[in-house]
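Subject: Structure for you to look at

Hello,

Here is the structure I said I would pass on. Please open it and keep it in view while you read the notes below.

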Amino acid sequence: MVGEAKVRREGLDLYSEKLMMLAFGGGKSGIGEGGVKIVGLVITEWKDIPMELLLRIVSLVDDRTMIMASGVCSGWRDAICSGLTHLCLSWCKNNMNNLVLSLAPKFTKLQTLVLRQDKPQLEDNAVETISSHCHDLQDLDLSKSLKLSDLSLYALAHGFPNLTKLNISGCTAFSDVSLEYLTEFCRKLKILNLCGCVKGATDRALQAIGRNCSQLQSLNLGWCENVGDVGVRSLAYGCPDLRTLDLCSCVCITGIFKIGDDSVIALANSCPHLGSLCLYYCRNITDRAMYSLVENRMKNKAAMWKSMAGRYGEEGLKSLNISQCTAITPPAVQALCDSFPALHTCFGRHSLVMSGCLNLTSVHCACVVQAHRTASYIPYPAH
């Protein structure tokens, strides 16, 4: 039985490639004279191909070819529509909206859908169609969809109760009201990208995220000028499993810096799994924030050793960007380096980014210090 199964798998791999060549390399409506034989099975028509083989064929081609394959015959269409779970349409440079309108009602089993665009194409009716048919969707990328309005977020809220990953970066038309509404229904969100969502990413929206999305692990708030300490504190208290947070350039166009020490202190106190933090150009950050990270690291050390059976070194900050945070002094950052050994300043690693902070040139990670000591060591000559 085992040998027969192995032969069948090998046959599927071999003939799935052959059938694809027949289908897209000049094949006719039939397979060919005499058909194709796979371990005792003779395929003479497209409709004879087993479902398992059809799905294997689909796995060998790109998404554009897969869409073409769904038009070969009713058997291929049914197999692809029932078995396809991941789809990317970013290759479509024109008429993506119409393509989504035609495909969404067919591909109802989708779990991942990437609709990232180089130029705005998607409109609200496409998102509404997706929401009406693809209820299993867990991962959706709508980045750079400049034509979408709040209607799309309202549709997503009602269509995707199991959504865990959402990228709406660059969608500048969304408001914080619609984003707040979305979080009330999509409570399983773990990864959320709001980079550049100036109107949507506000303290009000972050308060809603902290209130409704307790499972959140990653949030990108880069270039969101309406985010301040109030929102980040709410986020920290409501999302204790937060692991990645990007606050890059959260500064008003008037030059007002809204992110300060209170945000970092809240994160240090409430998010023990935080591994990546970007504070680029948050010039209100001072030593007080850095020492809060150090103090909470030490405070949690004993508990982590006990609960993780000695895996303490795997927790804590692994990436920190404090570029342009010119108010921070070398002693505070060096204390941070000493407490988080995964933060590197050495060549080729640079998980601690300090560009623009000329006063921090004396800060070095443990491996740089060790390398310096090794290079400086001159052994006594043997006698």
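**Charged pairs**

Aspartate 118 counts as exposed, because its relative accessibility is 63%. Please keep in mind that the model is predicted. The structure holds 8 salt bridges, and aspartate 118 takes part in one with lysine 93, where the closest N and O atoms are 2.7 Å apart. This pair links distant parts of the chain: lysine 93 sits in the loop between strand S3 and helix H5, aspartate 118 in the loop between strand S4 and H6, and 25 residues separate them. Lysine 93 is partly exposed, at 43% relative accessibility.

A salt bridge also joins aspartate 141 and arginine 116, at 2.8 Å from N to O. Aspartate 141 is in strand S5, while arginine 116 is in the loop between S4 and H6. Aspartate 141 is buried, at 7% relative accessibility, whereas arginine 116 is partly exposed, at 40%.

In the pair of aspartate 262 and arginine 233, the closest N and O atoms are 3.9 Å apart. Aspartate 262 belongs to helix H11 and arginine 233 to helix H10, so this salt bridge ties together parts that are 29 residues apart in sequence. Glu180, Arg204 and Arg211 are joined into one network by salt bridges that share partners.

**Cysteines**

How many disulfides are there? The count comes to 0. For cysteine 239, the nearest cysteine sulfur is that of cysteine 213, 6.6 Å away. Cysteine 239 is buried, with 0% relative accessibility. The sulfur of cysteine 365 has its closest cysteine sulfur in cysteine 367, at 3.3 Å, which is too far for a bond because a disulfide needs the two sulfur atoms within 2.5 Å. Cysteine 365 is buried too, at 2% relative accessibility.

**Helix H7**

Helix H7 covers residues 150–159, and 7 of its 10 residues are buried, so the helix is largely enclosed by the rest of the structure. Among the buried ones are Leu153, Leu156 and Gly159. The cover over the buried residues of H7 includes helix H6, strand S5, strand S6 and helix H8.

**Glycine 316**

Glycine 316 lies in the loop between helix H12 and strand S11. Is this glycine buried or exposed? Glycine 316 is buried, with a relative accessible area of 5%. Leaving aside neighbours within four places in sequence, glycine 316 is in contact with Leu274, Gly275, Arg297 and Phe340. Proline 272 is 44 residues from glycine 316 in sequence, and their C-alpha atoms are 7.1 Å apart in space.

Regards

Note on methods
Residues numbered from 1 in each chain as written. Predicted model: local features only at pLDDT ≥ 70, side-chain atom pairs only at ≥ 80, totals over all residues. Heavy atoms only, no water. Buried < 20%, exposed > 50% of the residue type's maximum accessible area, 1.4 Å probe, protein only. Helix = DSSP H or I, 4+ residues; strand = E, 2+ residues; numbered from the N terminus. Contact = heavy atoms within 4.5 Å. Salt bridge = Lys/Arg side-chain N within 4 Å of Asp/Glu carboxyl O.
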